[in-house]
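User: I am new to this structure and would like a close look at one part of it, with enough of the surroundings to place it.

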Amino acid sequence: MTRHSISLRFRLSAAAGGLAALAIVAALLATFGVGHALLLSDDAAGAQRRVDAYGTLSARVTEVVLTPADRRAGAEQAVLDDFGRIDQMIGADIASVGGDAARSRAAQGQVLGRMRGAFLRLTQDLAATTSDPAQRDAALNSFAQIFSPLMRDQVEYNNLRRDAALAALDQLRERMVFLSFAVVLAVASVLVVLYLTVIAPLMSRLSSATLAADLGPTDARPRLLPRGARDELGLLFARLNRTIARLDRRRAAVAADRAALETVVAERTVALEAVNARLAKTDEDRRRFFADVSHELRTPLTVILAEAELAAADCSPLTARSLATIRARAQRLNRRIEDLLRIARSENGQLELDPRPGDMDAVLDAALEDTRPLLMRAQFTVERHRNAAPVEVDPDWLRQILGGIIGNAVKHAGPGATLRVSSGTLAGQSFCEITDDGPGLPPDACPGMATRFASGSATAGSFGIGLSLARWVTEAQGGTLTLTSPVSGGRGFSARVALPCIGQTIQAVTQFRVSA
């Protein structure tokens, strides 16, 4: 690399190294200062504790002198305990240092020993002179001449130690403040040098690059860096210049492709609008066809029903049975025509409902009657369980969706299956449940079966349009459609239509096989 590129990296590294070194120095100074301050504060606190202990010892000795002989034993033991505590303090003080300082501090123990010896002699003298006041006073004077100077020297020594430690703490604080200002000044100097030599030039060059980037096309832009600038940033800007040139060329190509695409989209949009218009016309023709066919079929059906009723008024029993069959088939065909019209209107987004109080069992029986030919051809066994309450429902729509569910069961359960058709009441709802014992569906397939164009298998054909219509009609009347599979033993499919009930329940159970 060139001298300029090395220079930029070197300046950044030098600045970072200088700041790191200053941070290390500051950390070392802080560690040293805190440690030394802790030692000095411990020394001052220890000296103060020893001064307090000597004060307590002096008071305890005075208490021994003033206490009567018969109660003096406890006071003497308290003094000896104070001697033991002071001796432990002196031992800890000696253990905290070494060398000459330890030998100097060991003299405190010798003085303490002399004080303890003087106190023991005093206790012996006081015990021996209980009846002679003159001897007692002589013993006390002799003790005071020895003990008091030693006590005064010890207290003065520890006071001097305490004052010296506190003075050293003040000096250490002043030195640390001075060194802290020195470190702060050094850091500020490094930052100023870094700004003047690295940051300010970089910001100037980046500002020039920003201004150049805000101009027009690439051929109108000036150079991002002055000539001769060949550090890392200069190499980056050179690469950016080349990248911008490539992007401009690609942008021009994309603009051309976009113009061509917009032309194609406009052409396809015109064609799609034409197709949509044709589809709308076809849908309108389909709905009109359903309406026309239904009208044309209902007119002759009405005539057939009327003529059958007239003929049945005066005919033989055999002819009456034939006319009844004709009338039933015509009525079923009329219902089928109405069903086709309702489906056509629902596919156009219209759902015409005529809810009224009705018997769910009667509607379910009508659906079974409509699907009887399918059940006969498939040789189904039908189990019928009744326990329903009256509901507010459109009976024609309910009959149609129940018939569609039965038709799906016939299609997918297979010949000879058993169909369980039950009705009941649960939690304020009256329901119809249609269950077959066919192969069923995987459990994860049930939630999507009531959507349009869903299918139970790849080859099963249209399984879901009837279920989606059934869910729409059921929910529009305040009810629910629930699909379950498998039902038992990994087989079976169940569909339950539940609607709010409005009356008391009736109960009955029947079973029959569909036959001719």
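How many helices and strands does the protein have, and what surrounds Glu-433 in strand E5?

Analyst: This is a predicted model, and in it the protein has 10 helices and 8 strands. Of its 516 residues, 29% count as buried, and among contacts with a separation of 6 or more, 75% are between residues 24 or more positions apart.

Glu-433 lies in strand E5, which covers residues 429-436. With a relative accessible area of 19%, Glu-433 falls under the 20% cut-off and therefore counts as buried. Once the neighbours within four places in sequence are set aside, the residues in contact with Glu-433 are Arg-420, Val-421 and Ser-422, together with Ser-494, Ala-495 and Arg-496. With one of these, Ser-494, the side chain of Glu-433 makes a polar contact of 3.1 Å.

Earlier in the sequence comes helix H9, whose 19 residues, 395-413, reach 26 Å from the first C-alpha to the last, close to the 27 Å expected at 1.5 Å a residue. At the start of H9, a side-chain oxygen of Asp-394 comes to within 3.1 Å of the backbone nitrogen of Asp-396, while just after the helix Gly-414 adopts a positive phi of about 95°.

For a view of how helices pack elsewhere, H2 (residues 72-95) and H3 (residues 100-128) have axes 9 Å apart and meet at an angle of about 170°, which means that H2 is roughly antiparallel to H3. The contact of H2 with H3 comprises 14 nonpolar, 4 polar and 6 charged residues.

Conventions
Residues numbered from 1 in each chain as written. Predicted model: local features only at pLDDT ≥ 70, side-chain atom pairs only at ≥ 80, totals over all residues. Heavy atoms only, no water. Helix = DSSP H or I, 4+ residues; strand = E, 2+ residues; numbered from the N terminus. Expected span 1.5 Å × (residues − 1). Polar contact = N/O pair within 3.5 Å; in protein donor to acceptor, adjacent residues only side chain to side chain. Axes fitted to C-alpha atoms, helices over the stretch in contact; angles between N-to-C directions. Parallel < 35°, antiparallel > 145°, perpendicular 65-115°, else oblique. Nonpolar A, V, L, I, M, F, W, Y, C, P; charged D, E, K, R; others polar. Buried < 20%, exposed > 50% of the residue type's maximum accessible area, 1.4 Å probe, protein only. Contact = heavy atoms within 4.5 Å.
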